[in-house]
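Subject: Structure for your review

Dear colleague,

Please find below the structure that I am handing over to you. My notes on what was found in it follow directly after.

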Amino acid sequence: MRVLVIEDDREHAKFINQVLSEAGHEVAIAENGADGLIQAREGEFDALVVDRMLPEKDGLKLVEEYRNGGGQTPALFLSALSDVDNRVEGLKAGADDYLAKPFAPQELAARVEALGRRQASEEPPVTKLKVADLEMDLLARKVWRAGQKIDLQPREFRLLEFLMRHAGQVVTRTMLLEKVWDYHFDPQTNVIDVHVSRLRAKIDKDFDEQLLQTVRGAGYCLQG
Amino acid sequence: MSSGRFAFVRTTTFRLALVYSVLFGLFSFLLLSYLFQATVGSLRAEADQRLQAEMSSLELAFYGFGIERLEQSLIERALVPGAPFRYQLETPQGERLIGDFPNLPVTPPNTVGVWGNVSLTIEVPRPGAEPTLTEAEGRIVRLTTGHVLLVAIETGERSRIVRRITQAVTTAAPIGVLLALIGGIFISRYAARRAEQLTRTTEAVVAGNLYVRAPVQGSGDEFDRLATHLNTMLEKLERLMASSRHTGDSIAHDLRSPLSRLRNRLETALLGEMSTETARDTLAHTVEEVDRVLATFNAILRLSRLDAGAEGRLVRFDMREMLLELADLYEPACEDAGLKFESEIGHNLFVLGDRELLAQAISNLLDNAIKYTPENGSISLKAMRTNDEIIIEVSDTGPGIAEDMRERAKERFFRLDEARTQSGSGLGLALVDSVADLHKGEIELLWAHEEPEPFGLKTVFSLPRER
C-alpha cells in the first residue's frame, strides 16, 4: 500500500515511516498541512496518516478540505488529544479512524492495514464471509466450520465478523474493544483475551488447522 | 489596604444612599410645594374673588343710587352677624362716615376709580376676652365724589396655614434627609464590611494562602451566597492544587522505578554476550515496560482532562444497557480468573452522563475487583435506582480496604502496600472518583461482607437520577 504520512515532527515521522515500511508499505512524508493537502490530492495513495496539530494547515481542516474536494482515500488521525470529543470531531471532519499518541507500532500498522482494506471491500455489499473452511452468513447470522454449524453468542458473532472482515490482518485488542464493544479505553484486565479464547474454543478446538492466531505483543490474526 | 474609618464613603451602597436621600429631599420639596399651592393658593384666590365681588356690588350701589345708598348698604351689611368683611367709608376730607375702623388704617389713593390692594391688621373681637389682631387683605377706592371706600377680608387663617406648612417643611425635610443618609451609612457600612471580608479572603488567596475561607453568616443573603460559592471554588482549587502537587511527585516516583528497571535491563543486555533469542526477549520485555509507562501517561492525561471539567457533553441515557454490556464483557474474564460473577441490573437507570466515562469508571472497578480477589472468590455488579439516585455497586471477596485508608485510596497514585506488587498505575480509583465528581455523584468504599470479620471491598457509586 502507498501511505502518505503528514506529520511535522521529524523524529516521529521517521518512526512512523519505519513502522509502516516494515509492514510492507510504501511511505511518503509531508511536513506541513499545506504540502500534505497538495500531495494527498496529486499522489495516488491508499491511506493517509494525518497528525492533528500541523503548521500551515490544521489536520482537521486538511481532511475537511480534502474530502470537500472529492478526495476518497481513507485517513487516520494521529493526535495527542485522546478525548471522545476530539475523536468525534476528527471523524466528523472526514477521517476514518483515530489513534491517540502515544501508540504502539503494531497498533498503527494494524489500523493502517485495516484502512486500506476497508476501501477495497467497500464496493459490493457482502452477505457471506469465508476464511478457509470457516463460513459466515451475515443475513442468517449463522457460522459453519467445515460444513459443521457453530453456535455463537451475539457478541461472539460480532467479534468473529470483525475478525473475518479483517482476515489476514493483525487486529489489536484496542481495535476489537473499539469496533466490537464501542469502548475507547484500555481495561486493565485481559477481558478481550478471554473473549477471543472462548471464540477460539468454538471455532478452532475440534479442528487441526488453527485459524485464529495470537500475534505476540500485537493482537490477533484470523488466517486460513 | 484601604480600610479607613470612612472607606464606606467610596462604596456603591453609600453612593446609592446619598443619591437616594437627595432624591428623597427633592421629592418632599416638590410634594410640599404642591400642597402649599393647592391649599394656600386656593385660599388666596378665594379671598380675592370674594373681595372683588363685594367691592363690585358696593360700587354698583354707589354708581346706581348715590352715596346715601352706599351708606345704607354698609349699615345693612354690618348688621349681618358673622360677615367676613370689614368696611370703612370716609368723606373726601378723611372723616369717618361709617365703618369698622376708628381711622382709615391705610393711605387712600388719590386717583379716582382705581382699586388699590392693601394689607392691614384688624381686630377680631372675642367674647369675654381681649380682641386679637389678625392679618387682612383689602381693596380701597376713591369714588367719583371723593369719598374713600375700604373693603377688607380676614386672612389670618390663611397665614397660619402658610406658617405651619413652612415650619413643617423646614423641620421635616432636613430630618428626613438626615434619616435617609444615616440609614444609607448603616447599610453601606454593613455591605462594606461584608465585601471587605470577601476582599480579604481573595487577597489572602492571591498571596498564596489557599486554606482561608470567607465567613458565612448564615443569613442566606447575596453575600452569603457569594461567600459560599467562593469557598466551594477554593475547596476545589485547593484539592486540585494538592492533587497536582501530589501527582507531580507521584509521577516522578512511579515512573522512575519502571524507567530505571528499563535502564538496568538494557545496561545488562549491553554488558554480556547474548544470543539473538535472549536479545529479542530482552527487547520484548523492554517494550512491555515502556507500554506500561505510556499507559500510565494516558491515564494521567485523561484524569487531568476530567478534572478540568467536561460537563458540556453529558446526555440523558439509560445505564442499563451499558451495564449489561459490561457484565457481558467481564463475566468471561472473571470465570477465567476462577471467580464467580453475578450481576443484577435494574431497569430505567437514567442518568445525565457521559457513557464512555461511566463505562470506563465501572470497568476500572471491575478490573480492580478481578485483580484483588483471590481464586474461588466472587464478584458482583449491582445497579438499582432509589427515589433520586442511581446506585451501582461493585463488590468482591478480596481483602477490602480498611476504614482509615479509604479516603486516601481515592487519591492519585495511592496504592495499598499489599498492592504494590500488583501491576497497575494507582490511578484507577482516582479516575472513578473524578468521573463521579463530574457527574455530581460520589463513590463510597465499604466492607462487602461483615462475617466472620469484615472483608471484601464494596464500592458504591451513586449518581443523581435523571427522570
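**The interface between chain B and chain A**

In this predicted model, 28 residues of chain B are in contact with 26 residues of chain A. Three residues of chain B deserve to be named here: B:Arg305, B:Leu329 and B:Glu356 supply 24% of the area that chain B buries against chain A, more than any other three residues. Between them, the two chains bury about 2,500 Å², and 50% of this area lies on carbon and sulfur atoms.

Turning to specific pairs, three salt bridges are found across the interface of chain B and chain A. One salt bridge joins the side chains of A:Arg155 and B:Asp328, at 3.4 Å from N to O. Seven residue pairs are in polar contact across this interface, counting pairs with both residues at pLDDT 80 or more.

On the side of chain B that touches chain A, the elements that give two or more residues are α4 (276–307), α5 (319–336) and α6 (355–372) of chain B. Of these, α5(B) gives the most, with 10 residues. Sorted by class, this side of chain B has 13 charged, 11 nonpolar and four polar residues.

**The sheet of chain A and its helices**

Chain A contains an open sheet of five strands, paired in parallel and arranged in the order β2-β1-β3-β4-β5. Its edge strands, β2 (26–30) and β5 (97–100) of chain A, each pair on one side only. From one strand to the next, the twist averages 20°.

Within the sheet, strand β3 (residues 47–51) of chain A pairs with strand β4 (residues 75–79) of chain A in the parallel sense, over four bridges. In β4(A), A:Leu78 is the residue that stands opposite A:Asp51.

Two helices of chain A may be described together with the sheet. Helix α1 (residues 10–22) of chain A packs on the sheet and touches β1 (2–6), β2, β3 and β4 of chain A. The direction of helix α1 of chain A makes about 165° with that of β2(A). Helix α2 (residues 33–42) of chain A lies across β1, β2 and β3 of chain A, and this helix runs at about 140° to β2(A).

When you open the model, you may wish to begin with the salt bridge of A:Arg155 and B:Asp328, and then turn to the five-strand sheet of chain A.

With kind regards

Terms used
Residues numbered from 1 in each chain as written. Chains lettered and ligands numbered in written order. Predicted model: local features only at pLDDT ≥ 70, side-chain atom pairs only at ≥ 80, totals over all residues. Heavy atoms only, no water. Contact = heavy atoms within 4.5 Å. Buried area = accessible area lost by both parts, 1.4 Å probe. Salt bridge = Lys/Arg side-chain N within 4 Å of Asp/Glu carboxyl O. Polar contact = N/O pair within 3.5 Å; in protein donor to acceptor, adjacent residues only side chain to side chain. Nonpolar A, V, L, I, M, F, W, Y, C, P; charged D, E, K, R; others polar. Pairing = 2+ DSSP bridges. Axes fitted to C-alpha atoms, helices over the stretch in contact; angles between N-to-C directions.
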